[in-house]
Structures are given as C-alpha cells and as structure tokens.
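Me: I am new to this structure and should be grateful for a close look at one cysteine and its surroundings. Please begin there, and then set that part in the context of the whole chain.

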Amino acid sequence: MIKLHSTGLNDATVLSNIFIDRFMPKANGEFVKVYIYLLRMLGRPGAAFGLSQMADSLFCTEGDILRALKYWESENLVTLSYEDNALAGITLRTPWNEDDVLAAVAPQQTDEADSAAESVSNVPSTSPLSEVKPLTPDRVKELKQNEDIIQLLYIAEQYLGKTLTPTETRKILFFYDELHMSVDLIDYLIEYCVGRDHRSIRYIETVAMAWREEGITTVEMAKDSTSRYSKEYFSVLKAMGITNRNPSDVEISLINTWTKDYGFTMELIQEACSRTVLQTGQPSFPYADKILQRWKDKNIRTLEDVRLQDAQHQKRKLEKSVSKPAQQKSAAPNRFNNFHQRDYDFAEYEKKLLNKPN
C-alpha cells in the first residue's frame with residue numbers, strides 16, 4: 001500500500017483558486033481527475049489506497065495514474081517517494097505556496113503574454129520584473145486594509161473577470177506603493193489594457209513601467225498618451241492581419257485621412273483592407289489607400305455601393321467575354337477560304353481521256 005501525506009491540513013476536499021487559474025487549464029483532463037482524487041483521499045485516511053484501487057475508481061489504467069503523478073511532480077504539486085523501485089509515498093504540496101506557483105509558472109509564460117509585452121510602445125530597456133521590490137507581508141496586510149485599495153482590487157477583478165492571484169494582487173499593490181500611481185490611474189491602466197484585449201498582469205505591468213518612464217502621473221496624461229492608439233487604429237491593423245504591434249506614424253496618418261478627409265466608415269475601411277490582403281497576399285497601406293481613393297472618386301460611401309459596383313464590374317466583364325469570341329470568329333482567317341480556287345472543266349477532261357489512244 002502507498003502512504004499519502006500532505007503539508008497542509010485537509011479535513012475537506014478543497015481545490016484552490018490558484019490550481020484552477022494556473023494549473024488546471026493546461027493539464028490533461030485525466031491528470032486533473034487524479035489530482036482531485038488525491039485531495040479527496042486525504043479526507044479518508046483509513047481507506048484502502050493504491051495504484052490499482054485508484055485505477056479502478058477512476059476507470060483508467062495504473063499506467064495512466066503513474067503518468068498523471070509524474071506530471072504533477074514536474075509541476076511541483078506532488079513529491080513521489082519510492083522503495084525498491086516501487087511507488088511508496090505521495091506528498092501533496094499546497095499550490096497556494098507562492099514560491100511553488102512562481103517556480104512552476106514562470107518558465108511557461110504564454111506566447112500571447114510575451115508578444116503582448118513586446119508590443120507596448122516606449123518599453124524601458126530594463127525588464128520591469130527585475131525592478132520589482134517585494135512588498136513585506138506587513139506592508140501588504142496594511143495596504144489591503146485601505147478602503148481605496150479594497151475597492152481597487154475589487155474593480156480589477158471585475159475588469160479581469162476572475163479572482164486575483166496573490167502575484168496579481170502584489171503587482172497592483174506595487175503600482176500603488178512603489179510606482180506611486182494613484183488609485184484612479186491604476187484603475188484606468190487596467191481598463192486600458194483590458195480594452196485592448198490584454199489581461200496578462202505582465203502586460204499590465206509593462207504598460208505601467210512605460211508610463212512611469214514617460215512621467216505619466218494622472219489619468220488625463222495617460223489618455224493623451226494613448227489617444228493616438230485608439231481602438232480604430234487597431235481595428236484597421238487587425239483587418240490587415242497585423243496583431244503584434246502598434247500602428248506606425250505613417251499608418252496613423254493614412255487612417256486619419258481615410259476617416260477624416262475621405263469620411264469613410266470603419267466598416268468600409270476594413271473592407272478595403274481585407275481586399276488588399278486578398279489581392280496582394282500581404283498587408284499594404286498604400287494599396288488600400290488606392291482602393292479607397294478610387295471609391296472616393298466614384299462617390300462610394302457604403303458597403304452596398306461597393307457590392308453594386310462589383311456587380312456592374314462583373315456584368316461588364318461578362319459582356320466583354322461574350323462579344324470577344326464572336327469578333328474573333330468573324331475575323332479569324334480560314335485557310336480553305338483563302339486558298340486560291342482554280343477553275344477546272346471536268347467534262348473536257350473526261351472527253352480527252354476517252355479519246356486518248358491506248
């Protein structure tokens with residue numbers, strides 16, 4: 001039999017939020033079943049427990065159980081001990097231990113978070129993670145008793161749509177205590193990042209560090225800095241198939257021309273961008289500008305106007321393709337018609353042949 005140990009008290013089956021937020025999404029479903037079953041068995045110390053018993057209870061093989069245990073060991077959530085090359089003990093390590101969480105999660109940052117952090121403008125050359133000064137437990141406790149901070153953390157959870165992890169809470173407290181950002185500015189910071197569909201605390205922290213480098217201290221200053229990267233600009237980039245960077249000055253100038261000078265709706269501009277990528281196979285703002293210039297000259301203002309122009313264009317092409325073969329048929333030379341026809345008197349030839357002496 002296997003002895004099951006835990007580093008924490010388990011008089012009930014408790015599944016931590018950190019496990020749900022950090023570990024469960026990327027784990028195989030069968031592995032999650034095994035982990036939850038281990039938690040359940042901690043509440044039944046007298047029950048029979050072994051690989052075969054677990055396999056029977058979870059309707060899988062002992063090999064499946066071992067693979068799951070080794071996976072959770074690699075995630076630092078369990079420790080396995082052996083006697084005579086046989087599994088003899090399992091120790092569950094509490095996932096709410098902050099050091100274990102960081103050790104397990106840090107090497108596996110998602111590509112989305114990495115690319116998102118790199119796409120922020122004016123990112124300082126020094127990584128923001130290296131500048132974070134850990135808050136003492138006493139300072140964290142003191143800040144979390146502040147009414148403004150309590151409200152801020154609540155608002156942050158509403159924006160992010162989930163319960164804050166200890167790491168996320170500490171980063172937000174870091175913005176307040178170390179970067180000296182006001183509660184209102186942090187509120188706008190999170191709103192701004194979520195509005196761009198980035199909920200990673202790493203991305204939010206990178207933006208916060210960039211604002212500090214720019215000397216931004218108020219919501220008004222932040223809005224002025226971010227206004228040039230309005231939602232419309234990113235909608236156009238997305239229509240072009242560009243998702244990993246901010247718009248350039250030239251692109252911003254063209255987008256402003258299309259919206260303000262040409263007076264086009266975002267729907268029409270996105271259509272021109274989609275046609276650009278379809279025709280050229282790549283994003284091209286000059287090509288899209290030519291399409292929009294042509295539409296402006298023809299007074300095309302809506303998608304319905306575009307469809308009508310497309311229909312007329314197709315009709316002209318069809319008429320041209322039908323008339324062209326007829327013209328080619330009448331004009332094409334015929335070698336039989338062009339052959340010089342000779343006049344023969346077949347009756348005279350027959351008479352000569354009959355009168356020809358043998």
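Is Cys-193 buried or exposed?

Reply: Cys-193 counts as buried, because its relative accessibility is 0% and the cut-off for a buried residue is under 20%. The model described here is a predicted one. A second cysteine, Cys-60, is likewise buried, with a relative accessible area of 18%. A disulfide is a covalent bond between the sulfur atoms of two cysteines. A search of the whole structure, however, finds zero disulfides.

The loop between helix 10 and helix 11 (183-195) is a convenient place to continue, and His-180 is found in it. In contrast to the buried Cys-193, His-180 is exposed, with a relative accessible area of 65%. Most residues other than glycine have a negative phi. His-180 nevertheless has a positive phi, near 60°. Asn-299 also has a positive phi near 60°. Asn-299 sits in another loop, between helix 17 (285-297) and helix 18 (303-331), and at 56% relative accessibility it counts as exposed.

Helix 10 itself covers residues 166-177, and Asp-177 belongs to it. The relative accessibility of Asp-177 is 16%, so this residue counts as buried. Beyond its neighbours within four places in sequence, Asp-177 is in contact with Leu-135, Arg-139 and Leu-143. Val-140 precedes Asp-177 by 37 residues in sequence, yet the two C-alpha atoms are 9.7 Å apart in space.

Helix 10 also takes part in a charged pair. Side chains of opposite charge can pair when their charged atoms come close. Glu-205 and Lys-171 form a salt bridge in which the closest N and O atoms are 3.5 Å apart. Because Glu-205 lies in helix 12 (residues 201-214) and Lys-171 in helix 10, this pair ties together parts that are 34 residues apart in sequence. Both Glu-205 and Lys-171 are buried.

Helix 16 and helix 18 offer a further example. Arg-275 and Asp-310 form a salt bridge, with 2.6 Å between the closest N and O atoms. Arg-275 lies in helix 16 (residues 266-280) and Asp-310 in helix 18, so the pair ties together parts that are 35 residues apart in sequence. Arg-275 counts as partly exposed at 24% relative accessibility, and Asp-310 counts as partly exposed at 27%. The buried Asp-177 returns here as well: salt bridges that share partners join Arg-139, Glu-142 and Asp-177 into one network. Between neighbours in sequence, Arg-212 forms a salt bridge with Glu-213, the closest N and O atoms being 3.9 Å apart. At 35% relative accessibility, Arg-212 counts as partly exposed. The count of salt bridges comes to eleven.

The strands deserve separate attention. Strand 2 (residues 78-83) pairs with strand 3 in the antiparallel sense over six bridges. Within this pairing, Val-78 has Leu-92 as its bridge partner in strand 3, while Ser-81 has Gly-89. The hairpin of strand 2 and strand 3 has two residues between the strands, and Asp-84 takes a positive phi near 55° there. Strand 3 (residues 86-92) is mostly covered, since five of its seven residues are buried.

On the surface, Leu-15, Ile-20, Met-24 and Ile-36 form a nonpolar patch, and their accessible area together is about 250 Å². One of these residues, Ile-36, lies in helix 2 (residues 29-42). Ile-36 is partly exposed, with a relative accessible area of 33%.

Seen as a whole, the protein has 20 helices and three strands. Of its 358 residues, 37% are buried. The protein exposes about 22,500 Å², and carbon and sulfur atoms supply 50% of that area. Among contacts between residues at least 6 apart in sequence, 63% join residues at least 24 apart. The starting point, Cys-193, is thus one of the buried residues, because its relative accessibility is 0%.

Definitions and conventions
Residues numbered from 1 in each chain as written. Predicted model: local features only at pLDDT ≥ 70, side-chain atom pairs only at ≥ 80, totals over all residues. Heavy atoms only, no water. Patch = residues over 30% accessible without salt bridge, like charges linked within 9 Å, V, L, I, M, F, W, Y side chains within 5 Å. Areas by Shrake-Rupley, 256 points an atom, 1.4 Å probe, with all protein chains shown as cover. Salt bridge = Lys/Arg side-chain N within 4 Å of Asp/Glu carboxyl O. Helix = DSSP H or I, 4+ residues; strand = E, 2+ residues; numbered from the N terminus. Buried < 20%, exposed > 50% of the residue type's maximum accessible area, 1.4 Å probe, protein only. Pairing = 2+ DSSP bridges. Disulfide = S-S within 2.5 Å. Contact = heavy atoms within 4.5 Å.
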